[in-house]
Every structure is written in C-alpha cells, then in structure tokens.
Amino acid sequence: ANYKCCQGYYGGCCCLQPGSLGEESCPVPCLCLESFCFPGLSSSVNSMLVRDHYSLGLDEDDARLIRCSNCLQVFACVLNCIGICLDWDGEEMCKAVVNCVADVTFCCVAGCMTAQTYHEIKVREQAMAPVSEAMERA
C-alpha cells in the first residue's frame, strides 16, 4: 500500500523520481520490475527499510561483506571493459572466473540480507502477536 520505487531511499535521476512513476496505481508490476531488473538494489533497500523501521544498525561484518561484493562487481565490470580494448592469452577464462566469483559472492550476500530481513520480520511479528489464553470454567 505504501510502496514507492526503491522505497524512496535512492533519489531518481532526470524525470524518474520515486513516487512519481505510477507506483500508487499499480504497485505490484512496479515492485516486480524493480526486483527483476535491480535485484541487488532491491535487496539492499528492503534490508535498509527493515533496519530503519526497527531501529537496527548495520553490523560491521555485514558492511564488509556488502563492500566486498560491490568491489568484486566493479572489478568484474572494469575487467570486461578492459577486455574490449585489449586482447591477451586467457582473457575469456580470466573474465569468466572473475565474473563467476563476483556473481556467486553477490548471490550469497543478497541471500544473507534477505534471510536476515525475513528473520527480523518474523521475530518482530511473534513478539507483537497476541498470546492465546485458555478460558477457565468456574
């Protein structure tokens, strides 16, 4: 009901501004498009939203894993760009290995973020759930 592109955490560019992309009238297709086209951004925003909602901080180890994953993705991108300009023996294998390591790291980090978010929501929902009580007959 309150969905906004990237939950409003990241500002838009040019004419693409969160909240003005038709999210109110059709949130499900917008959410699916965001998740499909930008899975890393979507996972990060979801994690930030839950941490902000419950006033949780980002663990230093989590921040290191996210930075490592981001650096590997940038390294893979730079290596692929260099591969366009230069040719060397083993180029394809080198790029394939770096891309594979970067992708596996990304998937692991995104999976961990999603699992942490799911766990936090479940723990908080259980804490807020009403306790069932048995009626006693007199």
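## A backbone outlier in the loop

Ser55 is exposed, with a relative accessibility of 68%. This residue sits in the loop that joins helix 2 and helix 3. Its phi angle is near 55 degrees, a positive value in a residue other than glycine. The model under discussion is a predicted one.

## Overall architecture

The chain contains four helices and zero strands. Read from the N terminus, the order of elements is α-α-α-α. Of the 138 residues in the chain, 22% are buried.

Two pairs of residues illustrate how parts of the chain that are separated in sequence are placed in space. Gln7 belongs to the segment before helix 1 (27-37) and is partly exposed, at 27% relative accessibility. Its C-alpha atom is 9.9 Å from that of Leu31, although 24 residues separate Gln7 and Leu31 in sequence. Cys108, a residue of helix 4, is partly exposed with a relative accessible area of 48%. The C-alpha atoms of Cys108 and Ser69 are separated by 9.2 Å, and the two residues are 39 positions apart along the chain.

## The second largest pocket

The second largest pocket has a volume of about 250 Å³. It is lined by 16 residues, and those closest to its centre are Ser47, Arg51, Leu58, Asp62 and Gln116. Three elements each give two or more residues to this lining: helix 2 (39-53), helix 3 (60-85) and helix 4 (91-128).

Which helix gives the most to the lining of the second largest pocket? Helix 4 does, with six residues. Sorted by class, the lining of this pocket comprises eight nonpolar, four polar and four charged residues.

## Salt bridges in helix 3

Side chains of opposite charge can pair when their charged atoms come close. The structure holds six salt bridges. One of the six links Asp61 to Arg64, with the closest N and O atoms 2.7 Å apart. Both residues lie in helix 3, three residues apart, which corresponds to about one turn of the helix. Asp61 is partly exposed, with a relative accessible area of 45%, and Arg64 is likewise partly exposed, with a relative accessible area of 45%.

## Salt bridges in helix 4

Glu92 and Lys95 form a salt bridge in which the closest N and O atoms are 3.6 Å apart. The two residues lie in helix 4, three residues apart, or about one turn of the helix. Are Glu92 and Lys95 buried or exposed? Glu92 counts as exposed, at 56% relative accessibility, whereas Lys95 counts as buried, at 13%. The value for Lys95 is 13%, and the cut-off for a buried residue is under 20%, so Lys95 falls in the buried class.

A further salt bridge joins the side chains of Glu120 and Arg124, at an N to O distance of 3.0 Å. Because Glu120 and Arg124 are four residues apart in helix 4, about one helical turn separates them. Glu120 is partly exposed, with a relative accessible area of 22%, and Arg124 is partly exposed at 25% relative accessibility. Elsewhere, salt bridges that share partners connect Glu60, Asp61 and Arg64 into one network.

## A nonpolar surface patch

Which residues form the nonpolar patch on the surface? The patch consists of Val74, Val78, Ile82, Leu86 and Trp88, which together have about 420 Å² of accessible area. Ile82, one of these residues, is located in helix 3. With a relative accessibility of 36%, Ile82 counts as partly exposed. Membership of a patch requires over 30% relative accessible area, so the 36% of Ile82 satisfies that cut-off.

Terms used
Residues are numbered from 1 along each chain as its sequence is written. This is a predicted model: local features need pLDDT of at least 70, side-chain atom pairs count only at pLDDT 80 or more; totals for chains, interfaces and linings use all residues. Side-chain values use heavy atoms; hydrogens and water are left out. On a 1 Å grid over the protein atoms alone, a cavity is a set of points where a 1.4 Å probe fits but cannot get out, and a pocket is an open set with protein on both sides within 12 Å along at least five of seven lines; lining residues have an atom within 4 Å of a point. Grid points are joined across faces, edges and corners, and a volume is the space filled by probe spheres set on the points. Ala, Val, Leu, Ile, Met, Phe, Trp, Tyr, Cys and Pro count as nonpolar, Asp, Glu, Lys and Arg as charged, and the others, Gly among them, as polar. A salt bridge is a side-chain nitrogen of Lys or Arg within 4 Å of a carboxyl oxygen of Asp or Glu. Buried means under 20% relative accessible area, exposed over 50%, partly exposed in between (1.4 Å probe, protein chains only). Patches are made of residues with over 30% relative accessible area and no salt bridge: like charges are joined within 9 Å, nonpolar side chains (Val, Leu, Ile, Met, Phe, Trp, Tyr) within 5 Å. Accessible areas come from the Shrake-Rupley method with a 1.4 Å probe; for residues, only the protein chains shown count as cover.
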